[in-house]
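Welcome! Take a moment to look over the sequence and the model below, then follow the notes one topic at a time.

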Amino acid sequence: MCGIVGYTGKNNAREILLKGLGRLEYRGYDSAGVALAGESGIYIQKKKGRLKELDAKEIPSTNIGIGHTRWATHGKPSNENSHPFSDCTGDIAIVHNGIIDNFIHLKEDLINKGHEFTSETDSEIISHLLEEHFNGDLVDTLKIVVKMLKGSFAICALQKDSKNIAVARNQSPLVIGLGVGENFVASDVPAILDYTNEVKYLEDGDVALLTPNEVRIWDSQDALVERDVVEIQWTIEDAEKGGYEHYMLKEIHEQPKAIHASLLGRLGGFTEVDLGKYDTEFIRLISCGTSYHAALVGKYLIEDIARIPCTAELASEYRYSSPSELHPFTILISQSGETADTIAAAKEAKRRGCKTLAVTNVMNSSITREVDEVIFTHAGPEIGVAATKTFTTQVIMMYLIAIELGLKTKRLLRETAQEYRDELRRIPRHVRVLLDRSEDIERVSEKLIGADDIFFVGRHLNYPVALEGALKLKEIAYIHSAGYPAGELKHGPFALLTNRTPVVAISVKDHTFEKMLGNIGEIASRDSPIIAVGDHDPELEKLSDDLITVPSVPTLFSPILVNVVLQLLAYYTAYKLECAIDKPRNLAKSVTVE
Ligand code: AGP
């Protein structure tokens, strides 16, 4: 996720920019850069990789500058594609967040006028447009340029031998930090919170000028306007959590946005990967932990939707299994892209002659270098150790892959594929409805406090969701819990059922619903408290102690919604038990050792 910081004042701009960009690191990025304006020109230092590798000390420091961390969209992560960008003369430099939809046309035009480009990005056109239309005043010129842009942008621009920063915002956040004899601008508050807690949020269409002693803002009608001064009450750490008490809760709430981002541009098929070119007689999904549960959901989806035989395997088991005659198309799933077992499994699959695809959330991660193709989930950075939005977006990818394969094998009708895609488009809205009912789920979580053991049961597509619900609870609330296919309890675990072993029973009205009611009846007769999660049904209501309903969707799409309930159930249980929710004991965000 891209980040912006700008500074003009009396202090060392380089240090302020680097510290600010550091505050945004948790959001994830693949390259970083700064531009400092001096009397003799603009000094730019930018590089692919981490901020600490930037060697910013190689350029002189001044009292005015702009900085950027980039999360690649147009053009791969590289030194050339990193921000800031300068114009042909080197007298102007810009940083940009967002996407300029009409950049191709603008770029062609600029090239015809003799401008030379150094990157593949959409952003670079902005510095050249400023050069092309420069009228002696940077902020005035920026007002002209933003009128030419279609898309989303947060822009900061500076020019040599000037103390002015010109900025503009449209659908991409930008906040101005107010100081004494100095002013700041940033994409996100944490970047400037070390220096000031008085800010002005720009609105869409605003253009502003920052000097060390003044901030002037014009709205989209070019009228000089005042924006309210807001006093930020958060600490740095709070701010990075966006006001939520824990990253996990923030990330649970970010899911509608994350799902939307992962679907963006893909509802008509993947543009980045042509699944049609692979032999998909048989598919193998490989992963660990929560990603394995996404793989299990994927197995059901690929079998149900595309009618292709599919297995889901744990990476730590696969890598030591015996090779067979078969060379299935192998999909590795890892949110971090750094899990040692999954990377080793990717290498092993390749060694065995399989074509490989990685589904990951992190650009440039190790797994992307081990596979033939990559699909990114675009969930945004996930800080909480417990995977939430990354799981949800992995499952979204499983739907998209299953639909794509179903069309390829012609076992899925085009009209049905369209219905499925329409249903996926509606999922963020349904998740929002559930999040708005968090208080009900919080109330039910009381029932899990003090339990000896907790079972999570489900069938078919919701069996992996039961596994995931149990893992989440173990991980953050430190309560022993186990996920089971509902039909399996009677083959052993029944012996453990007492009134101190609550059972979370996922019950949606699919082809297994009647059987599920039977299973719940059996559990109820052993006195275990039952928390049902699923569809509204009078019989189910009678059998269970609590029923948390999910918005009504075709049952094929129920796993995502049910899982949001289980995430919140785990969260609130852990919260009440005062556990270290974001950093559970003994666990790490990415397991880079075997
Ligand atoms: C999830 O909550 C866990 N932290 C863990 O099981 C995780 O899913 C597993 O380590 C796999 O990680 P990956 O997706 O980054 O490969």
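**A lysine in a loop**

K10 sits in the loop that links strand 1 (3-8) with helix 1 (13-23). Keep in mind as you read that this is a predicted model. The notes start with K10, then turn to the domains, a helix, the ligand and a serine.

**More about K10**

- K10 has a relative accessible area of 51%, and it counts as exposed because the cut-off for that word is over 50%.
- Setting aside neighbours within four places in sequence, K10 is in contact with N63, V180, G181 and E182.
- K10 and K163 are 153 residues apart in sequence, while their C-alpha atoms are 10.0 Å apart in space.

**The domains**

- The protein is split into domain 1 (2-236), domain 2 (241-436) and domain 3 (438-580).
- Between the C-alpha centres of domain 1 and domain 3 there are 49 Å.

**Helix 14**

- Helix 14 covers residues 462-477, which makes 16 residues.
- From its first C-alpha to its last, helix 14 reaches 22 Å, close to the 22 Å expected at 1.5 Å a residue.
- Helix 14 is mostly covered, with 13 of its 16 residues buried.
- Just after helix 14 comes Y478, which has a positive phi near 55 degrees.

**Around the ligand**

- How many residues surround the ligand? There are 15, and the closest are S291, S334, Q335, S336 and T339.
- Helix 8 (289-306) and helix 14 each give at least two residues to the shell around the ligand.
- An oxygen atom of the ligand lies 3.0 Å from a backbone N or O atom of T290.
- The side chain of S334 has an N or O atom 2.6 Å from an oxygen atom of the ligand.
- On the nitrogen side, a ligand nitrogen atom is 3.0 Å from a polar backbone atom of V385.
- On its own the ligand has 410 Å² of accessible area, and the protein covers 92% of that.

**A closer look at S334**

- You have just met S334 beside the ligand; its place is in strand 18 (residues 329-334).
- Is S334 buried or exposed? S334 is buried, because its relative accessibility of 3% falls under the 20% cut-off.
- A polar atom of the S334 side chain lies 2.9 Å from the backbone nitrogen of G337.
- Apart from neighbours within four places in sequence, S334 is in contact with S291, T339, T342, V359, T360, N361 and Q394.
- S291 and T339 appear both in that contact list and among the residues closest to the ligand.

Note on methods: Residues numbered from 1 in each chain as written. Predicted model: local features only at pLDDT ≥ 70, side-chain atom pairs only at ≥ 80, totals over all residues. Heavy atoms only, no water. Helix = DSSP H or I, 4+ residues; strand = E, 2+ residues; numbered from the N terminus. Buried < 20%, exposed > 50% of the residue type's maximum accessible area, 1.4 Å probe, protein only. Polar contact = N/O pair within 3.5 Å; in protein donor to acceptor, adjacent residues only side chain to side chain. Contact = heavy atoms within 4.5 Å. Domains from an automatic or database assignment. Expected span 1.5 Å × (residues − 1). Near = heavy atom within 4 Å. Areas by Shrake-Rupley, 256 points an atom, 1.4 Å probe, with all protein chains shown as cover.
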